[in-house]
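Please look over the chain below before reading on. The paragraphs after it explain how its sheets and helices are put together.

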Amino acid sequence: KAVRHGFRGSVVGIVGSCGKTTVKDFTAAVLATSYRTYATPGSRNNLLGLPETLVNADVEAEVWVMEMGISMPGEMAELAPIAEPDSVVFTTIQPVHTEFFEGLTAIRDEKVRVLAHRRPGGFLVLNADDPLLMDLAVPPDMKVLTYGTNPSAGVRLEFPRGETFEGVPLRLCHGEASVSGLLPLPGKHQAMNFAAACAAGLLFGVDLEAAVEVAGTLRPADHRGVVVELPGGVLLYDDSYNANPTAMALALRTVTSWDRPVIAVLGEMRELDAESPHRHREVGELAARLRVSALLAVGGEDAGELCEGFRPSGNPCAHVGRWEDGEAWLRERIAGGGAVLVKASRAVGLDGLVDRLRERP
C-alpha cells in the first residue's frame, strides 16, 4: 500500500473471468505508444502476485496496468485496497471458479467490489456483449466506454473477413472514426480482448489509428493460444495454460474454423460447481457438433464426461489419467495437414504434452 500511495501515475485494474492476462498485455502495449508503462508480469494477479507486482513496479512509469484475479468470495476486498486503481477494465463474467460462488451474479458482484476501493474520477471500460456487465450501477464520477460487437458499443468491433490460423481481420469504429487491421492471433475472442485495450487507450487519449497499428506487433503469451506448425503441415494450437467452459468452447470454435481435420486433447476444468460433470459433457457434445475427428480426454472422472459427450459422434475417443498414457494413441491419429488443440486447467499439466510434441514431432 505504501508503494501504491507513493506512485504519482495512473493505475488501471484489469478484472473479469476470462482474458485478463491478454487484455492486460494488449492494454499495456496500446498505452505504451504514448506513455511509459509497467504491467503485471505473466499472470501474477492474486493475493501473492499483486503485492509482488507492486513492490517490483517501475516507479518512473506513468501508467501501471495491474491484473486482478480472484477465486473465492472476499478476495477482491483484499486485493482492491492494495492496487487502488484509478480506472478499471472489465473483460467478461463467465462460469469460472463456480465451486465457490452461487452463480454468475455472485461472481460479478464479488469482482465489482473493486469499484468501492478505486480512486475518485478515472474511467470504466465494459464489455457491451455481456449483459451482466451492462446491468452495473456505474459510479457517477466515472467515465464509461463500452466495447464489443453489440451495435450500441462505444468501440464497435466488426469482422470484415473470415479468420484463419494466422489471425483475425478486424475493424474498430468509434464515433466517426473507423480503422481496419489484422490481429495476428487466431480467435475472435482475441479481437474482443484487443477492442477492450483500444477502449482503454482512447480514454487515455491514444488515437484509434495508433492503437490499431499496435495489433500487428502483438503475440500471445506462452500456452495461451499459440499456433505452432509441426512437420507435415500439422498446426498445434497450444491453449494449455488454463480452461473453463466458455474458453473451451471458444478454442474449439477457433480451431474448427480452419477447415482442417482437428484432434482435440482436452483435460479437466477444475474448480467448477456441482454441475461440473454436466459442463464437461457439454464440451464433449460441442466437440462432436463441430466435427472434431478425435478426442483425447485427460484427467479424472470429469474428463471421462468429455468422452461421454463426444462418443455419439462415432469418432475415436479415449480417456486417460495422464497425458503420458495417451501420447501413443494421439500420435497414431495425427495426420498431415491437420490440427491439434491442447487445452485444460493448469493443474492437468498439458503444457508438458505441448513441449513433448514440439521436441519430438
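What follows goes through two sheets, the helices that pack around them, and one loop residue.

This is a predicted model, in which local features need pLDDT of at least 70 and side-chain atom pairs count only at pLDDT 80 or more, while totals for chains, interfaces and linings use all residues. Residues are numbered from 1 along each chain as its sequence is written, and side-chain values use heavy atoms, with hydrogens and water left out.

Helices (H or I, at least four residues) and strands (E, at least two) are DSSP runs, numbered from the N terminus. Two strands pair if DSSP finds at least two bridges between them. In general, strands of a sheet pair through backbone hydrogen bonds, either parallel or antiparallel.

One open sheet has 9 strands in the order β2-β3-β1-β4-β5-β6-β7-β8-β9, and its pairing is mixed. At its edges are β2 (37-39) and β9 (177-183), each of which pairs on one side only. Neighbouring strands of this sheet are turned against each other by 15° on average, direction ignored. Angles here run from 0 to 180 degrees between N-to-C directions, and axes are lines fitted to C-alpha atoms, for helices over the stretch in contact. The edge strand β2 pairs with β3 (residues 63-67) in the parallel sense, over 3 bridges. Within this pairing, Ala39 has Val65 in β3 as its bridge partner.

Helix α2 (residues 20-31) packs on this sheet, where it touches β1 (10-15), β2, β3 and β4, and its direction makes about 170° with that of β3. Contact means heavy atoms within 4.5 Å.

Helix α2 also packs against another helix. Two packed helices are described by the angle between their axes and the distance between the axes. The axes of α2 and α7 (residues 188-203) come within 8 Å and cross at roughly 40°. That angle makes α2 oblique to α7; angles under 35 degrees count as roughly parallel, over 145 as roughly antiparallel, 65 to 115 as roughly perpendicular and the rest as oblique. The crossing of α2 and α7 is right-handed, meaning that the near helix is turned clockwise from the far one by less than a right angle; anticlockwise would be left-handed. From α2, the contact uses Thr22, Val23, Phe26, Thr27, Val30 and Leu31, and from α7 it uses Gln190, Asn193, Phe194, Ala196, Ala197, Ala200 and Gly201. These residues divide into 8 nonpolar, 5 polar and no charged. Ala, Val, Leu, Ile, Met, Phe, Trp, Tyr, Cys and Pro count as nonpolar, Asp, Glu, Lys and Arg as charged, and the others, Gly among them, as polar.

A residue from the loop that follows β4 comes next. Gln94 lies between β4 (87-90) and α5 (104-112). The side chain of Gln94 makes a polar contact with the side chain of Thr92 at 2.9 Å. A polar contact is a pair of N or O atoms within 3.5 Å; within protein, one must be able to donate a hydrogen and the other to accept it, and residues adjacent in sequence count only if both atoms are side-chain atoms. Leaving aside residues up to four places away in sequence, Gln94 touches Ser17, Cys18, Leu104, Ile107 and Thr246.

Another open sheet has 6 strands, ordered β10-β11-β15-β12-β13-β14, again with mixed pairing. Its edge strands are β10 (226-230) and β14 (317-320), each pairing on one side only. From one strand to the next, the twist averages 15°. Strand β13 (residues 294-298) runs parallel to β14 and is joined to it by 4 bridges. Here Leu295 stands opposite Cys317 in β14. Helix α12 (residues 323-333) lies across β12 (262-267), β13 and β14, at about 170° to β13.

Helix α12 packs with α13 (residues 351-359) at an angle of about 40°, their axes being 11 Å apart. The two helices are therefore oblique to each other, and their crossing is right-handed. Trp323, Glu327, Leu330 and Arg331 of α12 meet Gly352, Leu353, Arg356 and Leu357 of α13. By class, this contact has 4 nonpolar, 1 polar and 3 charged residues.
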